[in-house]
Amino acid sequence: MLDGTTMNSPPPPHNSPDAPESPAHLLHARTHQVQIVLTVLGIALMLLWCWFWLHTLRTGRLALAEHLRIPAWSFLGFDFLHNYWAVRLWVSGGNPYLDAFGDWRGKYAYPPVVLLLYLWSALFSRGVAVVLWMGYISAAMTAAVWIAGRTRSVLGLMRLPLVLMLGLMLWSMPVLFATERGQGDAICLLLILVAALAYQRPKSWAADAVIGACIALAAWVKVYPAVLILGLLAMRAWRPFALSILMAALIGIIPYRATMQFVTASMAAQQDRVGFLSEVYQWLFHPSQHRPAQLTLYPTIGVDSHSLTTYWGSFWTYTEAASLQRMPGVIGAAIILGPPTLWLSVRMLRASDRARAALAFPYLLWLAAMATFIMPVSYDYNLFYLPLAALAVCDRRDPLIVGLALIALVAWCQPFKVPVPNASDLLFFLKLFSLLGIGVSLLARGRELDRATLSDAGNAERLSTIAAAA
């Protein structure tokens, strides 16, 4: 034969149609098929999401409300309208901290800077403003999911189709809840996103000022992001840490008169929440007069809330540990959440620059999620940070506890009612367990990045040694 083979010799393997494919080729084909299935699933979720909100906007009330865990109102944007009516009063010359503006909850409950953030809404009618804000929440979630996908790529994790990640996120209980209420936590999310991106830029005064301004503003929009200021220390962001404190002080001092009016109005209107802080003083210095703080306007725990501070005393009623039951909930929450937070933060502090930059976004998300458990009243519309962090860092190579935490995450993130006894207690523990498990995943990613950095440094040293010898 012209190719050097005889008539009876077998043909080369690559010419045989029945030759077995290589393991690498089979793995690639299987991975491609999985990606197609996941993409189709994501598209289906997005189509259902579009139908859900089109139906909601047409009726003016949350679709499928009777089947969801969301305590939906008979209209959309309940929490957004608190800001909307306050802004309308303000631009007409009134003072929302002193004058009634049509909200039965009383005087305006947010600091002066938040009025500025909602000033745009005065240009639109109520319905249009609510829809625009709902659109902003969805856009902020989309941007956060995109950054989470980019983080997965940097970390070398299993690729997930962006449409699937977005579909899962938009269908999650926290996002549906936040969109229905028109909550302002999406402002904090966008500020965290911008701060994380600025942290990944080359160090400069401009980047550090952006980080400090974003974290300071987030701490004024909602109280719980204040913990991110301390998180900057774990990220070795010394200058942004100082700038965030300075800018937070300026945000309160510049409109000093309005800020003091806000503090006075809040102390009167938020007695339920303030009581969980003031009881710490009594417990420490006047234990005989101490009485555990209790909620009067809100339930202690519900299928749609997750405050460990308020749930602390209720949990210990199942036991005979009276001393723990009487302990202030804030201290109890600190005992539970403090060690894992400190462990993760110390790990970030000791990590390489490469690891800290790659994990900046999920670390800040995790810190924000953790802080919501400490707030005296904390509904699930502010817990979207946790599934976002999971999308950014969790992978199939994680330890078993992370896999179990992801199962817990899916169980409580799905928005439908759970027909089981004591569903509030069960869902609370699923939320808390998923928080701890995703923290373990963050630790794993940090160790992997540090090992990769050491390996790269070792290879570079060997190459320089060979070059010097040559």
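Which residues form a nonpolar patch on the surface? In this predicted model, the patch is made up of Leu 400, Ile 401, Leu 404, Ile 407 and Phe 433, and together they have about 480 Å² of accessible area. Helix 18, which covers residues 400-413, gives the most to this patch, with four residues. Ile 401 is a good place to begin looking, and you will find this residue in helix 18. Its relative accessible area is 38%, so Ile 401 counts as partly exposed.

Now let us turn to the aromatic rings. The structure holds 29 aromatic pairs. In one of them, the rings of Phe 75 and Phe 78 have their centres 6.2 Å apart, and because their planes are at 55°, the pair is tilted. Are these two residues buried or partly exposed? Phe 75 has 25% relative accessibility and therefore counts as partly exposed, whereas Phe 78, at 9% relative accessibility, counts as buried.

Aromatic residues also gather in a group: Phe 80, Tyr 84, Trp 85, Tyr 118, Trp 120, Phe 124, Trp 133 and Tyr 136 form one aromatic cluster.

Phe 75 comes up again when we look at charges over rings, since Arg 126 lies over the face of Phe 75. Trp 205 has an arginine over its face too, namely Arg 239. Here are the two arrangements:

| Arginine | Ring it lies over | Distance from the ring centre |
|---|---|---|
| Arg 126 | Phe 75 | 5.4 Å |
| Arg 239 | Trp 205 | 4.2 Å |

Technical notes. Residues are numbered from 1 along each chain as its sequence is written. This is a predicted model: local features need pLDDT of at least 70, side-chain atom pairs count only at pLDDT 80 or more; totals for chains, interfaces and linings use all residues. Side-chain values use heavy atoms; hydrogens and water are left out. Patches are made of residues with over 30% relative accessible area and no salt bridge: like charges are joined within 9 Å, nonpolar side chains (Val, Leu, Ile, Met, Phe, Trp, Tyr) within 5 Å. Accessible areas come from the Shrake-Rupley method with a 1.4 Å probe; for residues, only the protein chains shown count as cover. A salt bridge is a side-chain nitrogen of Lys or Arg within 4 Å of a carboxyl oxygen of Asp or Glu. Helices (H or I, at least four residues) and strands (E, at least two) are DSSP runs, numbered from the N terminus. Buried means under 20% relative accessible area, exposed over 50%, partly exposed in between (1.4 Å probe, protein chains only). Rings of Phe, Tyr and Trp (its six-membered ring) pair if their centres lie within 6.5 Å; planes under 30 degrees apart count as stacked, over 60 as edge-to-face and the rest as tilted. A charge sits over a ring if NZ of Lys or CZ of Arg is within 6 Å of the ring centre and within 35 degrees of the ring normal.
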